[in-house]
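Work through the exercises below with the sequence and the model open. Try each task before reading its solution.

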Amino acid sequence: MRIGVVTFPGTLDDRDAQRAVRIAGGEAVALWHADENLHKVDAVVLPGGFSFGDYLRCGAIAAQAPVMESIIKAANGGLPVLGICNGFQVLVESHLLPGGLIRNDVQTFVCRDQKLVVENVDTPWTNQFKLNQEITIPLKNGEGGYIADAETLKRLEGEGLVAFRYKDFNPNGSLNDIAGLRNERGNVVGLMPHPEHAVEAGFGPDTSVAMRSGLDGLTIFKSVLNSVVNA
Amino acid sequence: MPKIIVEVMPKADLLDPAGKAVNSALHRNGHNEISNVRIGKRIELHFDRAVTDADVAAAQKIGEEFLSNAVIEDVVSVTVEN
């Protein structure tokens, strides 16, 4: 199971995403923004960070990178692609997911352990969750406010394309409390919070059991390994 | 230097947190006559020759497809300075 993790100039969480893949039992393959070769990976993760310094708009320049040309083509052919935070921004700028992400309504960077509801489990990235399962994973962004026009929102809700929704607290003004989306086919998923930071005891969010013991993010990486095995 | 100037603004109905922050700072400095501030982008495309109509058409397309994101922004002007 080869899971590619893309590094753009300014990406921060590529190492964490690679580590999450390995902890889940997969082989992490480093992909480089300037190399259009996907090196025969079975899935791709676009990790968080500040690709190209967030110049122009978050994710806008990364969306034009050579590696993205191959990823867009492969995603349209069914390759599982996950965008986390800046990776989610790259996915909307690539038009693989609809809508846009703007500066948080609170006007500050927000960093917290965030409760989410998993509202769609029919994707390669969420199939090991139970429907409507509540999870807690870290969230850290400055431009995480999800917006789309009324028609798009209606379609997303009507077709069940909201994969993750903020629970109890909306940290950034996202419309309809949307934290993450899937595409129609289900292979492309994007979310603002960071599953790769909740995969290892001692480093995850606090739980009622013990400090920093939260591993809810690991299920995302186990899901894709499961779906690739069964594909 | 011949150039095409593309101006991009956040959509009118969208919260512009940067503009809002500048507006409050201006109010703190006594400029209560200013009712609102919005911040956009001015992008200059430079040329080593005179700008043609085709360049302007290309700049309009680049502006709409890459320099702005139609979900959150509008290209408000494309002007030529030869």
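The exercises go from overall form to single residues, and the model is a predicted one.

**Exercise 1. Overall form of chain A**

Task: State how many helices and strands chain A has, and judge its compactness from the radius of gyration.

Solution:
- Start with the inventory. Chain A contains 5 helices and 11 strands.
- Next, take the radius of gyration of chain A, 16 Å. The globule rule gives 17 Å for 231 residues, so chain A is as compact as a globular protein of that length.
- Add the extents. The C-alpha trace of chain A spans about 40 × 40 × 35 Å along its principal axes.
- Then check burial. In chain A, 57% of the 231 residues count as buried.
- Finish with contact range. Take the contacts in chain A between residues at least 6 apart in sequence: 73% of them join residues at least 24 apart.

**Exercise 2. The sheet**

Task: Give the strand order of the sheet in chain A and find its edges.

Solution:
- Trace the order. In chain A, 9 strands form an open sheet, E2-E1-E3-E4-E11-E10-E9-E6-E7, with mixed pairing.
- Look for strands with a single partner. These are E2 (27-32) and E7 (133-141) of chain A, so each has one side without a neighbour in the sheet.
- Add the twist. On average, neighbouring strands of this sheet are turned by 25 degrees against each other, direction ignored.
- Now zoom in on one pair. Strand E6 (residues 110-118) of chain A runs antiparallel to E7(A), and 9 bridges join them.
- Pick one bridge. Val117(A) has Glu134(A) in E7(A) as its bridge partner.
- Last, see what covers the sheet strands. Helix H3 (residues 86-93) of chain A lies across E3 (43-46), E4 (81-84) and E11 (188-191) of chain A. The angle between H3 and E4(A) is about 120 degrees.

**Exercise 3. Nonpolar cores**

Task: Which residues of the largest nonpolar core touch the most other members?

Solution:
- The core has 70 residues, and Val44(A), Val81(A) and Phe221(A) touch the most other members.
- Ask where the core comes from. Helix H5 (residues 218-230) of chain A gives the largest share, 5 residues.
- Follow Phe221(A). Beyond four places in sequence, its contacts are Ala20(A), Val21(A), Ala24(A), Gly26(A) and Val199(A).
- Separate the other core. A second core of 7 residues includes Val6(B), Val8(B), Ala59(B) and Val75(B).

**Exercise 4. Two residues compared**

Task: Are Ile102(A) and Ala21(B) buried, partly exposed or exposed?

Solution:
- Locate Ile102(A) in strand E5 (residues 100-102) of chain A.
- Count its neighbours. Ile102(A) has 26 C-beta neighbours inside 10 Å; the cut-off for buried is 20 or more, so Ile102(A) is buried.
- List its contacts, leaving out residues up to four places away in sequence. Ile102(A) touches Glu143(A), Gly145(A) and Ile147(A), along with Leu14(B) and Ile72(B) of chain B.
- Locate Ala21(B) in helix H1 of chain B.
- Count again. Ala21(B) has 13 C-beta neighbours inside 10 Å, so Ala21(B) is partly exposed.
- Check a distance. Ala21(B) and Val37(B) are 16 residues apart in sequence, with 8.6 Å from C-alpha to C-alpha.

**Exercise 5. Helix H1 of chain B**

Task: Compare the length of H1 (residues 17-28) of chain B with the expected span.

Solution:
- H1(B) has 12 residues, and 16 Å is expected at 1.5 Å a residue.
- From first C-alpha to last, H1(B) reaches 17 Å, close to that value.
- Look just past the end. Gly30(B), just after H1(B), has a positive phi of about 95 degrees.

How values were computed. Residues numbered from 1 in each chain as written. Chains lettered and ligands numbered in written order. Predicted model: local features only at pLDDT ≥ 70, side-chain atom pairs only at ≥ 80, totals over all residues. Pairing = 2+ DSSP bridges. Helix = DSSP H or I, 4+ residues; strand = E, 2+ residues; numbered from the N terminus. Axes fitted to C-alpha atoms, helices over the stretch in contact; angles between N-to-C directions. Contact = placed C-beta atoms within 7 Å. Rg over C-alpha atoms; globule rule 2.2 N^0.38 Å. Buried ≥ 20, exposed ≤ 12 C-beta atoms within 10 Å, placed from the backbone. Expected span 1.5 Å × (residues − 1). Core = buried A, V, L, I, M, F, W, Y, C linked by C-beta atoms within 7 Å.
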